[in-house]
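The paragraphs below walk through one structure, starting from its interior and ending where two chains meet. Please look at the sequence and the model first.

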Amino acid sequence: MSKAAGSPKVADLNDLLAVAYQIEIDAVERYNLLADQMETHNNPELVKVFRDLARAENIHGEEIRRLAGDFDVAAHARQIAKFERSESPEQADLGSAHYLMTPWHALQLSLAGEERALAYFTSIVETAKDPKVKNMAAELVEEEAEHVNLVHRLLRRYPQPSESWAEDLDPPVSQE
Amino acid sequence: MSTVDTRLARKPAEYKSDIKPIWCPGCGDYHVLMSFTRAFAQLGLPPEQIVVVSGIGCSSRIPAYTNCYGFHGVHGRSLALAAGLKVTRPDLTVVVASGDGDGYSIGGNHFLHACRRNIDMTYVVMDNRIYGMTKGQPSPTTEPEFDTALSPGGTRVRPFHPLVVALASGANFIARCFSGEPNETAAVLVEAIKHPGFSFIEILSPCVTFRPDEKSWKDLVHPAPVTATTDPGKAARRIMTDDGFNLGILYRGNREPFQPAIGATGVDLSELEKDFEL
């Protein structure tokens, strides 16, 4: 059994799959919310980036659903996969969003999420007693490590923007 | 609050409307909306049994983003609207949303008397210490040294202390939350809604556009090191002396909520009407 502070209890393989599924679905929801924000604030490049990230996470979620076979992983996730004292690991930090953010920033958010997920599944590997849970968690660690590498590769395409990236020649701030 | 059917597992998404929020990206109010929907789902309340009432300001846009009944009311008058609604429809769960300008300045007087009356509803103030919608004027909770073109040299006026005012005025449940911790905020909201009487939650919700300095709040907030007290004297000392970033339920009172009888009063109005006859 594994239970990090405020994380859902993972007692068996079904629990682990449910939590892994929920982590991906939470990430989908968050990326779509960020895409909506960018749509509202007319940053079409970022709309595309966040929608692409949402699609990628959705594919990961579906892969976990397939792994679970006949077991209804989504229903079980609704029952047990609640992160009580923190956000779900792969959810991008909403507070870091900015209407002028660039793909580099979006990928930084994504990288941080993948690294949190990697750390989360690593903690399960380290603490799980059930060998099935341990083995599946180890697979998920490998998967997340690959996602981290993928984001690093994508970041090579999008170099860090200059320090003036947030400079707006027609800013919403009218007081100064 | 209205009766909760815990057998129904609801999802936060069921409480979201199709309208996309237009808050600035990075705004704390997105998290507050999330806390609302998570709390409603945890309570298992049907959306049609919840009413979200608000006044005017960025935070007061929140009813439109939920799938519950909503009333986007008059500036500073959300509590008056909500009080009228709750006394006539006590079966509904009433949650009132406001900001520091709407709630403490324009609606300051209603705040005092809502606490005093102790009607069974939950009042959430998203405090960003600025008037964001009107582009950055100081609010009652703005620090005295906040120096901008709209407040040159700062206001030099002592900020309002909402939690102390709420306690002194009779609020029956007092808590402070941080928008960046939506799960914790949802948990406090659940407790506030379940607690009888007037529950007040101050949510520190950064304004990233006019107060980018408030991004540092995430490093300043910390859980209250003590559990909620039922003793108002103890609560007063704690709230008065904390650093303003102490999070959690700080006071749980046990006053009886105010709920006037509805319907026939038993008073013979014909006698009263006689007094007004010309």
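In this predicted model, the largest nonpolar core is made up of 115 residues. B:Val96 and B:Ile174 have the most contacts inside this core. Helix α1 of chain A, residues 13–40, supplies the largest share of the core, with 15 residues.

One of the two residues with the most core contacts can be followed outward. Leaving aside residues up to four places away in sequence, B:Ile174 touches B:Leu163, B:Ala166 and B:Leu167. B:Ile174 also touches B:Phe200, B:Ala235, B:Leu250 and B:Tyr251.

Next comes chain B as a whole. Chain B contains 9 helices and 8 strands. Its radius of gyration is 19 Å, and the globule rule gives a close value, 19 Å, for 278 residues, so chain B is as compact as a globular protein of that length. Measured out along its principal axes would be one way to picture it: the C-alpha trace of chain B spans about 60 × 50 × 40 Å. Of its 278 residues, 51% count as buried. Among the contacts in chain B with a separation of 6 or more, 70% are between residues 24 or more positions apart.

The last stop is the place where the chains touch. Here 20 residues of chain A are in contact with 21 residues of chain B. On the side of chain A that touches chain B, the largest share comes from α1(A), with 3 residues. Sorted by class, this side of chain A has 6 nonpolar, 9 polar and 5 charged residues.

How values were computed:
Residues numbered from 1 in each chain as written. Chains lettered and ligands numbered in written order. Predicted model: local features only at pLDDT ≥ 70, side-chain atom pairs only at ≥ 80, totals over all residues. Core = buried A, V, L, I, M, F, W, Y, C linked by C-beta atoms within 7 Å. Buried ≥ 20, exposed ≤ 12 C-beta atoms within 10 Å, placed from the backbone. Helix = DSSP H or I, 4+ residues; strand = E, 2+ residues; numbered from the N terminus. Contact = placed C-beta atoms within 7 Å. Rg over C-alpha atoms; globule rule 2.2 N^0.38 Å. Nonpolar A, V, L, I, M, F, W, Y, C, P; charged D, E, K, R; others polar.
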